[in-house]
Amino acid sequence: MSEKNFAIEVKNLTKKFNDFVAVDNISFQVKKGEIFAFLGPNGAGKSTTIKNLTTIQEPTSGEIFVNEFNCQTQEEEVRKSFGIIFQDQSLDEDLTAYENLNYHAILYKVKNKEKKILELLEFVGLMDRKDDFVRNFSGGMKRRVEIARGLLHEPKILFLDEPTIGLDVQTKNFLWKHVKKLNKEKNITVFLTTHNMEEAEAVANRVGIIDHGKILIIGTPREIKEKTGAKNLEEAFLKLTGEEIRSERVDQMDRMRRHKPR
Amino acid sequence: MKSALAVMWHRQVKEYLRNKQRLAVSLVQPILFLIAFGFGIGSNFSSSDGISYIQYLIPGVVGMTLLMSSTMSGMSLIFDKKFGFLKETLVAPVSRMQLIYGRCLGGATTSTFQGLVVLFLGYFMGFKIENWARFPLILIAMFFTALLFSLLGTMLASKFDDMQSFPSIMNFLMMPMMFLSSAFFSVENYPKILQYVVKFNPFDYCVKILRFVISGIETNLAFCTLVLVLLIGLIGALATYFFNKIEA
């Protein structure tokens with residue numbers, strides 16, 4: 001069973017793809033109301049962990065509790081509990097911004113949906129573009145639609161998988177400002193992965209560093225710096241994971257992207 | 001609109017109606033078949049029971065339209081995998097069964113619409129609906145034929161990720177189904193072995209049902225319907241199984 005004050009509890013999670021071990025027997029907890037950053041080099045197992053936490057992948061072994069529900073046996077309860085902003089885009093580009101949010105609201109049985117959708121579109125500054133097709137949006141605007149969508153059903157836990165990749169400074173700033181605000185005002189737990197150490201140091205209460213599918217260290221940024229004797233998180237990160245450049249395992253999406261029609 | 005089933009259906013239909021270009025292009029092939037077979041072969045066709053070739057051909061071409069457009073509707077799943085929208089539906093608190101059936105019912109609806117357009121075009125070639133009282137049955141037969149092949153296309157799309165090979169795999173499947181059936185002409189003159197193969201072609205049963213409800217040409221309707229219903233159950237179960245296995 002899961003303990004009361006954990007938003008996320010992972011016990012001995014292992015995820016294998018054939019004989020490749022993406023996540024190797026990891027355990028950790030994230031407290032309710034915490035902002036937790038998961039750091040690691042390419043291919044360390046960050047995204048795989050998020051995919052297991054968000055029920056898109058089945059663990060090979062181990063147990064996961066999200067909002068006190070078991071990810072394998074209470075999938076539907078788990079899914080109601082969280083919102084997610086994916087690493088790569090996940091909007092239907094042939095629909096308008098409003099339609100994307102509207103379908104989401106129905107899938108999550110959001111009450112009072114028209115009002116909430118308009119409020120969130122206002123919040124992300126896309127009110128005047130609500131009836132435009134998403135395919136005509138810039139990368140930053142698409143991200144903002146995804147942020148609005150991730151918040152629409154008022155999740156207790158927000159997953160952000162490398163949310164600031166490819167974003168301009170304004171959108172980055174907007175994202176972090178509001179993530180912190182939501183965390184403070186609505187006590188939303190935030191689980192994020194990132195490559196950007198400064199970002200992690202600035203927003204996260206606690207940080208976990210993962211490499212080769214194993215967690216190397218967990219603690220507040222200050223604790224990690226003290227333990228490793230580093231000036232900042234980036235230095236600590238390099239001390240722990242080494243300076244060698246990593247190659248990422250090619251996943252399904254990348255394989256498909258290579259077949260993009262010209 | 002309240003359920004995930006309705007959302008997926010609605011999306012499929014909405015995007016179909018928005019894409020006028022695709023609709024126009026998808027009618028080219030059935031029209032060519034109507035012209036080539038209708039005018040080309042029709043003039044040499046003689047039937048013992050006084051049925052004109054066009055009455056025989058139209059249900060086959062309608063069937064072909066349903067077969068092609070519904071199987072290809074599986075392509076939308078490949079697109080959703082590629083452009084990420086699939087993940088959005090997979091993390092939603094809804095059953096995957098609703099997601100897949102919503103898609104396939106949507107695909108079947110748009111295919112049926114396309115089949116109706118072909119039926120209407122047949123009018124310009126002298127085709128007449130035999131019995132208007134059967135029109136609801138025509139719709140039902142078209143819809144279930146389309147549903148079977150939407151499920152088949154979506155089942156295969158659950159297994160394949162590659163946008164480029166999917167259409168060729170589909171063609172590889174559809175061509176034999178079309179020509180090893182009685183869609184365009186009777187298979188009585190085919191060698192015995194091929195006639196035997198036709199008996200294992202699901203599409204042939206659909207054509208026979210369509211031919212009965214559209215043109216009133218007798219067939220073993222009860223048996224054909226049983227085969228269609230059983231196949232929908234079987235392919236539906238397999239499609240759900242494979243769709244459940246998708247990991248994004």
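# Reading a two-chain predicted model

Chain B contains eleven helices and zero strands, where helices (H or I, at least four residues) and strands (E, at least two) are DSSP runs numbered from the N terminus.

Q: What kind of model is this, and how are its residues, chains and ligands labelled?
A: This is a predicted model, in which local features need pLDDT of at least 70 and side-chain atom pairs count only at pLDDT 80 or more, while totals for chains, interfaces and linings use all residues. Residues are numbered from 1 along each chain as its sequence is written, and chains are lettered from A and ligands numbered from 1 in the order in which they are written.

Q: Which pattern does chain B follow along the sequence, and how many helices and strands are there in chain A?
A: Read along its sequence, chain B has the pattern α-α-α-α-α-α-α-α-α-α-α. Chain A has ten helices and ten strands.

Q: How should the radius of gyration be read, and what is its value for chain B?
A: The radius of gyration is taken over C-alpha atoms, and the globule rule is 2.2 Å times the number of residues to the power 0.38. For chain B, with the pattern α-α-α-α-α-α-α-α-α-α-α, the radius of gyration is 18 Å, close to the 18 Å that the rule gives for 248 residues, so chain B is as compact as a globular protein of that length. Its C-alpha trace spans about 60 × 40 × 35 Å along the principal axes. Chain A has 18 Å, which agrees with the value near 18 Å for a compact globule of 262 residues. The C-alpha atoms of chain A fill a box of roughly 50 × 45 × 40 Å along the principal axes.

Q: What share of the residues in each chain is buried?
A: A residue is buried if 20 or more other C-beta atoms, placed from the backbone, lie within 10 Å of its own, exposed if 12 or fewer, and partly exposed in between. Buried residues are 41% of the 262 residues in chain A and 48% of the 248 residues in chain B.

Q: What share of the contacts joins residues 24 or more positions apart?
A: Two residues are in contact if their C-beta atoms, placed from the backbone, lie within 7 Å. Among contacts with a separation of 6 or more, residues 24 or more positions apart account for 68% in chain A and 83% in chain B.

Q: How is the packing of two helices described, and at what angle do helix 7 and helix 11 of chain B cross?
A: Two packed helices are described by the angle between their axes and the distance between the axes. Axes are lines fitted to C-alpha atoms, for helices over the stretch in contact, and angles run from 0 to 180 degrees between N-to-C directions. The axes of helix 7 (residues 135–159) and helix 11 (residues 221–244) of chain B come within 9 Å and cross at roughly 25 degrees. Helix 7 of chain B is therefore roughly parallel to helix 11 of chain B; angles under 35 degrees count as roughly parallel, over 145 as roughly antiparallel, 65 to 115 as roughly perpendicular and the rest as oblique. Residues in helix 7 of chain B that take part include B:Phe144 and B:Leu147, and those in helix 11 of chain B include B:Leu228 and B:Leu231. The residues of this contact divide into 14 nonpolar, three polar and one charged. Here Ala, Val, Leu, Ile, Met, Phe, Trp, Tyr, Cys and Pro count as nonpolar, Asp, Glu, Lys and Arg as charged, and the others, Gly among them, as polar.

Q: How are helix 6 and helix 11 of chain B placed relative to each other?
A: Helix 6 (residues 96–122) of chain B packs against helix 11 of chain B at an angle of about 120 degrees, with the axes 10 Å apart. The two helices are therefore oblique to each other. In this contact B:Arg96, B:Met97 and B:Ile100 of helix 6 meet B:Ala239, B:Thr240, B:Phe243 and B:Asn244 of helix 11.

Q: Where is A:Glu68 found, and is A:Glu68 buried or exposed?
A: A:Glu68 is found in the loop between strand 4 (61–66) and strand 5 (69–70) of chain A. A:Glu68 is buried, because 20 other C-beta atoms lie within 10 Å. Phi of A:Glu68 is near 70 degrees, a positive value in a residue other than glycine.

Q: How many residues of each chain take part in the contact between chain A and chain B?
A: In total, 25 residues of chain A are in contact with 24 residues of chain B. Helix 2 (75–81), helix 3 (97–107) and helix 10 (252–257) of chain A each supply at least two residues of the side that touches chain B.
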